[in-house]
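Work through the exercises below with the sequence and the predicted model at hand. Each task is followed by a solution in steps.

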Amino acid sequence: MSERHIPANLPEKIQHYIDGEHVDSIEGETFDVLDPVTNENYIKAAAGQAADIDRAVKAARKAFDEGPWPRMTNRERNRVLNKIADAVEEQEQRLAELETYDTGLPITQAKGQARRAAENFRFFADLIVAQSDDTYKVPGAQMNYVNRKPVGVAGLITPWNTPFMLESWKLAPALASGCTVVLKPAEFTPLSASLWATIFEEAGLPQGVFNLVGGLGEAAGDALVKHPDVNLISFTGETTTGQTIFRNCAEHLKGMSMELGGKSPAVVFADADIEKALDSTLFGVFSLNGERCTAGSRILVERSIYDDFVRRYAERADNIVVGDPQDPKTEVGALVHPEHFKKVMHYVEAGKKEARLVAGGHQPEGLEQGNYLRPTVFADVTPEASIFTDEIFGPVVGITPFDTEEEAIALANNTRYGLAAYVWTNDLTRGHRVSQAIEAGMVWMNSHNVRDLRSPFGGVKASGLGHEGGYRSLDFYSEQQAVHVTLGDVHTARFGLPTEGC
């Protein structure tokens, strides 16, 4: 392997950002951040505790109650959001370089995430100017209209896969709606999140509107969820953590939006365009190192084409370039952290006992130091296998045959998750029928995961609670107050009048 590329001008330490200042934890706690290519500590980050969260929430609450941001017009907030998008685009190379160094994602894919982050801000900048609310007229009596107001302080808890872009998914609509925020980024990947402060300052976001507290989920994240002055929580992450957050939000009846785990099926019928289905299903599970919630990690293939599909899929997987994330030729980089790598390898070893290994299953030669894994393909995977039922979140896929449409639907739904699904067929009637029968929040037909920011994003069953995206995001971060205005005489029963003759 060539000499490891290290980005220039790395900070000496990653700090919190609270009320317009970069600060350490009140008690000085820190945690180590590892480079996934070497598994060596390359920086220390401030580890937030309950006191640090309280400090950040108080700043956000003051900015909400007394500051200008919630009281600005939509057009004024639109201008700031577009300046944020400009700043993200200007730093695309730097953002991608830091994201790749911190996460192990291939540099070409990290660049795409930076562009998508900018687009998220532009989208919601446009949406708040274009949005309209309901007005109802009762002829001769009343006019009723909806007055939309920001909810308050939003707690945003984000994951470590494509962290900067996923942070923008929450920050953009929360800020567009007029909320103030406290962001708790994932502890594995805090580096790119530290850039938000400068971006927001230069764009003119008022002091206290954005606050960032790093740290572990059980400390900083738990304190953020439980804080009584936080009005809502938006969380993306693992399902069992989401269940804990659900319970902790109940005490204060906080609003919640949770996008959780997935074990998404890709159903390939014999009449599909097999070349495109191969391209899509390979990209869908091996891009972003397989560390994506919507990965089509269960491929269900009609039996008449099954053997040929498995052979060609395995051949393609064996040709995927695994290597230094900073190398533009790399297609699969290093998994994010040794803890996660250990979990993924546990499932690889289980899969060798449960199914037929047809590609990968080991670290590449010469890359044993970091969290590298060859793209791994299992065939003849049964519904009882752990690699069929459990979310692995790595470059590991299982292929299962089916004989009938009904069996394909049953296999697709044979999971506790319900985030995404993919259906491949040239029979569009069947495509719609199968898509609608699958228990998933999102289905792509004859396509991989192509995101439309206007459409709802979220899952069913153990994959989430609520949906964000487009107007649904603005609804989540807004209170919708019904105002009723009398236009004429309204009949009212007249209680308490004296009775005649008394």
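**Exercise 1. Find the bridge partner of Ile14 in E5, then place both strands in their sheet.**

Step 1. Ile14 has Ala45 as its bridge partner in E5.

Step 2. Strand E5 covers residues 40-46, and its pairing with E1 is parallel, over 2 bridges. The cut-off for calling two strands paired is at least two bridges.

Step 3. The open sheet holds 3 strands, in the order E1-E5-E4, with mixed pairing. Strand E1 (13-14) and strand E4 (30-35) each have a single partner strand and stand at the edges, so one side of each has no neighbour in the sheet.

Step 4. In general, the strands of a sheet pair through backbone hydrogen bonds, in a parallel or antiparallel sense.

**Exercise 2. Decide whether Ala186 counts as buried or exposed, and describe its surroundings.**

Step 1. Ala186 sits in the loop that runs between strand E9 (180-184) and helix H6 (196-203).

Step 2. The relative accessibility of Ala186 is 6%. Buried means under 20%, so Ala186 counts as buried.

Step 3. Leaving aside residues up to four places away in sequence, Ala186 touches Thr158, Pro159 and Trp160.

Step 4. For a distance check, take Asp229: 43 residues separate Ala186 from Asp229 in sequence, and their C-alpha atoms are 22 Å apart.

**Exercise 3. Which residues make the nonpolar surface patch of about 310 Å²?**

Step 1. The patch is made by Met143, Tyr145, Val485 and Leu487.

Step 2. To locate Leu487, look at strand E21 (478-486): Leu487 lies in the segment after this strand.

**Exercise 4. Compare the radius of gyration of the chain with the globule rule, and describe the chain as a whole.**

Step 1. The chain contains 15 helices and 21 strands.

Step 2. Its radius of gyration is 25 Å, and the globule rule gives 23 Å for 502 residues. The two values are close, so the chain is as compact as a globular protein of that length.

Step 3. Along the principal axes, the C-alpha atoms fill a box of roughly 95 × 55 × 40 Å.

Step 4. Of the 502 residues, 59% are buried. Among contacts in the chain with a separation of 6 or more, 74% are between residues 24 or more positions apart.

Step 5. The exposed area of the chain is about 21,200 Å², of which carbon and sulfur atoms supply 50%.

Technical notes:
Residues numbered from 1 in each chain as written. Predicted model: local features only at pLDDT ≥ 70, side-chain atom pairs only at ≥ 80, totals over all residues. Heavy atoms only, no water. Patch = residues over 30% accessible without salt bridge, like charges linked within 9 Å, V, L, I, M, F, W, Y side chains within 5 Å. Areas by Shrake-Rupley, 256 points an atom, 1.4 Å probe, with all protein chains shown as cover. Salt bridge = Lys/Arg side-chain N within 4 Å of Asp/Glu carboxyl O. Helix = DSSP H or I, 4+ residues; strand = E, 2+ residues; numbered from the N terminus. Buried < 20%, exposed > 50% of the residue type's maximum accessible area, 1.4 Å probe, protein only. Contact = heavy atoms within 4.5 Å. Rg over C-alpha atoms; globule rule 2.2 N^0.38 Å.
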